[in-house]
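Student: I would like a close look at a single part of this protein, treated carefully and set in the context of its surroundings. Could you take one helix and follow the packing around it?

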Amino acid sequence: LMVIVHFQRIGLPPVAAFPFSHARQFRIDPGDQGVFRKLLPLLRFAQVRAGRLQRCIDAGLLVGWVDLQPLVDALDEIEHSIKLNPNFAMGHYSSAFTRMIIGDHQGTETAVGQARRLSPYDLMSFAMLATQAVNAAFSGNGEEAAVLANRAARQPNAHYHINAIAAFCNAVAQRHDIARQYVERLAKAHPGYRIEDYFRAFPYRNGAMREKIRKEFLKLGLQE
């Protein structure tokens with residue numbers, strides 16, 4: 001997961017990290033059933049991250065996820081990892097992120113809420129909070145979106161895309177001065193940041209979601 005964060009920080013979409021995760025190289029002693037049972041959910045999760053989501057790349061993910069089916073297939077595998085271990089916080093978060101991209105707002109809120117309950121001090125808390133923030137914005141809860149996005153931006157591992165999310169969520173909440181402050185932070189953290197950089201990292205399948213974000217970014221002065 002830290003590889004994914006690194007890829008986002010250098011301007012690549014998170015899925016670009018999957019081919020380098022080497023998730024298929026796990027080796028477990030078949031005789032150690034205890035260790036195997038503990039690692040099985042993680043292995044299943046790693047398989048989907050390096051396998052199923054790689055198919056999203058092969059299907060055109062880097063140019064906007066033309067085909068939705070690979071995402072649905074990936075989500076099925078993620079949900080299976082959760083069934084193997086219901087306490088698997090990162091599995092719940094990955095379910096939430098995928099559902100957000102697809103446009104399943106209720107499913108996103110349920111999954112990310114469970115992830116945060118299971119691991120409230122997770123290293124990926126910035127991502128969980130940001131996912132909740134964007135989902136709140138599109139569910140008509142602008143104030144909640146702004147509060148969550150501000151919390152996400154304060155997390156120690158937050159990367160520059162989180163500033164973009166915070167700018168959008170504060171704009172939705174009519175907190176335009178704060179939104180512009182996040183745009184300024186974004187410009188310092190990643191000079192030349194454009195709207196297409198955001199959608200490369202978060203290629204939403206819902207056209208209305210994309211257009212709403214695009215319009216708010218344009219109002220804040222970001223270039224396409």
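Tutor: What follows is an account of one helix, H7, and of the parts around it.

The model is predicted, and in it the protein has 11 helices and zero strands, so that the pattern read along the sequence is α-α-α-α-α-α-α-α-α-α-α. Of the 224 residues in the protein, 51% are buried, and among contacts between residues at least 6 apart in sequence, 62% join residues at least 24 apart.

Helix H7 covers residues 142–154, and at 1.5 Å a residue its 13 residues should span 18 Å; the C-alpha atoms at its ends are 19 Å apart, which agrees with that expectation. The buried residues in H7 are Gly142, Ala145, Ala146, Leu148, Ala149, Asn150, Ala152 and Ala153. In reading such a list, it helps to recall that an α-helix has 3.6 residues a turn, so residues three or four places apart point the same way. The partners against which the buried residues of H7 pack are helix H5 (105–118), helix H6 (125–138), helix H8 (160–172) and helix H9 (176–189).

The pairing with H6 can be described in some detail. Two packed helices are described by the angle between their axes and the distance between the axes. For H6 and H7 the angle is about 160° and the axes are 8 Å apart; because an angle over 145 degrees counts as roughly antiparallel, H6 is roughly antiparallel to H7. The crossing in which H6 passes H7 is left-handed. On the H6 side the contact is made by Phe126, Leu129, Ala130, Gln132, Ala133, Ala136 and Ala137, while H7 contributes Glu144, Ala145, Leu148, Ala149, Arg151 and Ala152. Among these H7 residues, Ala145, Leu148, Ala149 and Ala152 also belong to the buried set.

H6 packs in turn against H5, at an angle of about 150° and with the two axes 10 Å apart, and these helices are therefore roughly antiparallel to each other. H5 passes H6 in a left-handed crossing. Here the contact involves His105, Thr108, Glu109, Val112, Gly113, Ala115 and Arg116 of H5, together with Met128, Leu129, Thr131, Gln132, Asn135 and Phe138 of H6. Leu129 and Gln132 of H6 take part in this contact and are also listed in the contact with H7.

Beyond H7, the loop between H7 and H8 holds Asn157. With a relative accessible area of 18%, Asn157 counts as buried, because the limit for that term is under 20%. The side chain of Asn157 reaches the backbone oxygen of Leu123 at 3.0 Å. Asn157 and Ser125 are 32 residues apart in sequence, yet C-alpha to C-alpha they are 8.4 Å apart in space.

Two residues in other helices can be described in the same terms. Asp197, in helix H10 (residues 195–201), is buried at a relative accessible area of 15%, and its side chain reaches the backbone nitrogen of Arg194 at 2.7 Å. Not counting residues up to four places away in sequence, Asp197 touches His161 and Gly192. Thr98, in helix H4 (residues 89–102), is buried at a relative accessible area of 5%; the side chain of Thr98 reaches the backbone oxygen of Ser94 at 2.8 Å, and, leaving aside neighbours within four places in sequence, Thr98 is in contact with Leu71, Leu75 and Ile78.

How values were computed:
Residues numbered from 1 in each chain as written. Predicted model: local features only at pLDDT ≥ 70, side-chain atom pairs only at ≥ 80, totals over all residues. Heavy atoms only, no water. Helix = DSSP H or I, 4+ residues; strand = E, 2+ residues; numbered from the N terminus. Buried < 20%, exposed > 50% of the residue type's maximum accessible area, 1.4 Å probe, protein only. Polar contact = N/O pair within 3.5 Å; in protein donor to acceptor, adjacent residues only side chain to side chain. Contact = heavy atoms within 4.5 Å. Expected span 1.5 Å × (residues − 1). Axes fitted to C-alpha atoms, helices over the stretch in contact; angles between N-to-C directions. Parallel < 35°, antiparallel > 145°, perpendicular 65-115°, else oblique. Left-handed = near helix turned anticlockwise from the far one by under 90°.
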